[in-house]
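Visitor: Please take me through one part of this protein closely. Then show me what surrounds that part.

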Amino acid sequence: MPEPRYCLFDTAIGRCGLAWSDAGLRALALPEASAGETLRVLLRACPGAEAALPEELASDTWVGVAVAQITALLDGEKPSLLQFPLDLEGIGPFYRRVYDEARRIPPGQTKSYGEIARALGQPGASRAVGQALGRNPLPIVVPCHRVLAAGGRPGGFSAPGGIITKWRLLEIEGALPDEQPDLFSS
């Protein structure tokens, strides 16, 4: 089986990284302070990945389309990223269900951790939903930024920049709550 591959690509929010296998997308790194740090984060999430060949990123390949659509989303467009397969090897069934449910939230909309838990048939699992999303290997593709705490509060966000990045992503998508809470209140 071929090793997973990766690429770095420029977006409106900075240089992102994407790793994939033949089974699907494996990891996405949001911009760090430098491209080198973004690559380190990506390779920590997908050890052994090799740099992609240019032909793997051509506009007619599924990976090239994924990069283009992720870039478009971060430019304020609203493509659906549901058509891309995910390689969630090693991720447990509850987390997979959370990721599937989060992927159903369209650009420009949000749900709460509690709404996700209820949709999974586990209304008391809001914190577990938050933990799953905090370990999300594919932010943007699994749009954890679209999941808010009760009352429209941002909750957490484990990507670089934390909740400020989460709010920026929601702003790009036109999904900020009408009444925005203080980002730094608990």
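Guide: What follows starts with a single loop and then moves outward to the core and the charged pairs.

First, the ground rules. The model is predicted: local features need pLDDT of at least 70, and side-chain atom pairs count only at pLDDT 80 or more, while totals for chains, interfaces and linings use all residues. Residues are numbered from 1 along each chain as its sequence is written, and side-chain values use heavy atoms, with hydrogens and water left out. Here pLDDT is the predictor's confidence in each residue, from 0 to 100. The protein chain averages 91. At least 70 is reached by 94% of its residues.

Now the loop. It runs between α5 (126-134) and β6 (147-148), and Ile-140 sits in it. Helices (H or I, at least four residues) and strands (E, at least two) are DSSP runs, numbered from the N terminus. Ile-140 is not a glycine, yet its phi is positive, at about 85 degrees. Its relative accessibility is 2%, so Ile-140 counts as buried. Buried means under 20% relative accessible area, exposed over 50%, and partly exposed in between (1.4 Å probe, protein chains only).

Asn-136 shares this loop between α5 and β6. Asn-136 is buried too, with a relative accessible area of 9%. Where does the side chain of Asn-136 reach? It comes to the backbone oxygen of Val-142, at 2.7 Å. Leaving out residues up to four places away in sequence, Asn-136 touches Tyr-99, Val-142 and Cys-144. Contact means heavy atoms within 4.5 Å.

Next, the core. A nonpolar core is a set of buried Ala, Val, Leu, Ile, Met, Phe, Trp, Tyr and Cys residues joined through side-chain atoms within 4.5 Å. In soluble globular proteins, nonpolar side chains tend to be buried together. The largest core here has 43 residues, and Ile-140 is among those with the most contacts inside it, as are Leu-18, Leu-25, Leu-30, Ile-70 and Leu-133. At least two residues of this core come from each of β1, β2, β3, α2, α3, α4 (113-119), α5 and α6. Helix α2 supplies the largest share, six residues. Leu-133 touches Val-98, Tyr-99, Ala-102, Tyr-113, Cys-144 and Val-147, again not counting residues up to four places away in sequence.

Last, the charges. A salt bridge is a side-chain nitrogen of Lys or Arg within 4 Å of a carboxyl oxygen of Asp or Glu. The whole structure holds nine. In one, Arg-5 pairs with Asp-22, and the closest N and O atoms are 3.0 Å apart. Arg-5 lies in strand β1 (residues 5-11) and Asp-22 in the loop between β2 (14-21) and β3 (24-29), 17 residues apart. Arg-5 is buried at 12%, whereas Asp-22 is exposed at 53%. Both belong to a network of salt bridges with Glu-56. Arg-26 and Glu-89 form another bridge (3.8 Å, N to O). Arg-26 is in strand β3 and Glu-89 in the loop between α2 (62-74) and α3, so this pair ties together parts 63 residues apart in sequence. Arg-26 is partly exposed, at 22%. Glu-89 is exposed, at 62%.

How values were computed
A polar contact is a pair of N or O atoms within 3.5 Å; within protein, one must be able to donate a hydrogen and the other to accept it, and residues adjacent in sequence count only if both atoms are side-chain atoms.
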